[in-house]
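Thanks for making the time this morning. I would like to walk through one model with you, taking the helix packing before the core and the backbone.

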Amino acid sequence: MRLTTKGRYAVTAMLDLAIHQGQGPIALADIAQRQGISLSYLEQLFAKLRRRALVTSVRGPGGGYNLSRQAADIHIAEVIAAVDENVDTTRCGGAHNCQNNGPCLTHDLWHDLSDRIYDYLNNISLQQLVDRRDDTGNRPGTTCTAVDVKLGVQRIVANA
């Protein structure tokens, strides 16, 4: 599976919107500046997000975009699908014609992987991603424990 910049940028922009939700409508120019995404590209993405009723727009001075539902009710798979992306890992795009007009030997493996990726993304909400961030929008520092399986030695990794 290859998620293009369209899907990545859509998720990033929606997360930015979720982080700043409650501050009034958020201008795309602000998201573009914070995230380093072209304003014209964001306008294209938000037209699709609006058509799929994931965001609402407010016109005029002080206008911008709001999430159409609570961040906890918007899942990452919805955002990716809204901008015409998919999570298909098969070579044939699910058409079962990977090899000589039939499924290849590993078609079912890649199809099952696609289903798992979709299920994973469909179980992560924008709110869950917001909750993983601190007040600056960055991932908070944590201490993670890593285990060296080969030697069975445990070590502490700070700010992983």
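**Helix packing, core and two backbone positions**

Helices H2 and H3 are oblique to each other, because their axes cross at roughly 120 degrees and the band for roughly perpendicular is 65 to 115. I should say at once that this is a predicted model, so please take every value that I quote as computed from it.

To stay with this pair for a moment, the axes of H2, which covers residues 28-35, and of H3 come within 9 Å, and the crossing is right-handed. On the H2 side the contact involves Leu 28, Ala 29, Ile 31 and Ala 32, and these meet Leu 39, Leu 42, Glu 43 and Phe 46 in H3. Sorted by class, that contact has seven nonpolar residues and one charged residue, with no polar ones.

The other pair I would like to show is H1 with H2, where the axes are 10 Å apart and the angle is about 110 degrees, which makes H1 roughly perpendicular to H2. This crossing, too, is right-handed. Here H1 contributes Thr 12, Ala 13, Asp 16 and Leu 17, while H2 contributes Ile 31, Arg 34 and Gln 35. By class, we have three nonpolar, two polar and two charged residues in the contact of H1 with H2. Ile 31 of H2 therefore appears in the contact with H3 as well as in the one with H1.

Let me turn to the core. Which residues touch the most other members of the largest nonpolar core? Among its 35 residues they are Met 14, Leu 17, Phe 46, Leu 49 and Leu 126. The elements that give two or more residues to this core are H1, H2, H3, strand E2, H4 and H6, and the largest share, seven residues, comes from H1. If we leave out residues up to four places away in sequence, Met 14 touches Leu 49, Leu 54, Val 55, Leu 67, Ile 74, Val 79 and Leu 126.

Finally, two backbone positions. Ala 53, in the loop between H3 and strand E1, has a positive phi of about 60 degrees although it is not a glycine, and at 43% relative accessibility it counts as partly exposed. Asp 84, in the loop between H4 and H5, likewise is not a glycine and has a positive phi, of about 65 degrees; with a relative accessibility of 49%, Asp 84 counts as partly exposed.

Methods:
Residues numbered from 1 in each chain as written. Predicted model: local features only at pLDDT ≥ 70, side-chain atom pairs only at ≥ 80, totals over all residues. Heavy atoms only, no water. Helix = DSSP H or I, 4+ residues; strand = E, 2+ residues; numbered from the N terminus. Buried < 20%, exposed > 50% of the residue type's maximum accessible area, 1.4 Å probe, protein only. Axes fitted to C-alpha atoms, helices over the stretch in contact; angles between N-to-C directions. Parallel < 35°, antiparallel > 145°, perpendicular 65-115°, else oblique. Left-handed = near helix turned anticlockwise from the far one by under 90°. Contact = heavy atoms within 4.5 Å. Nonpolar A, V, L, I, M, F, W, Y, C, P; charged D, E, K, R; others polar. Core = buried A, V, L, I, M, F, W, Y, C linked by side-chain atoms within 4.5 Å.
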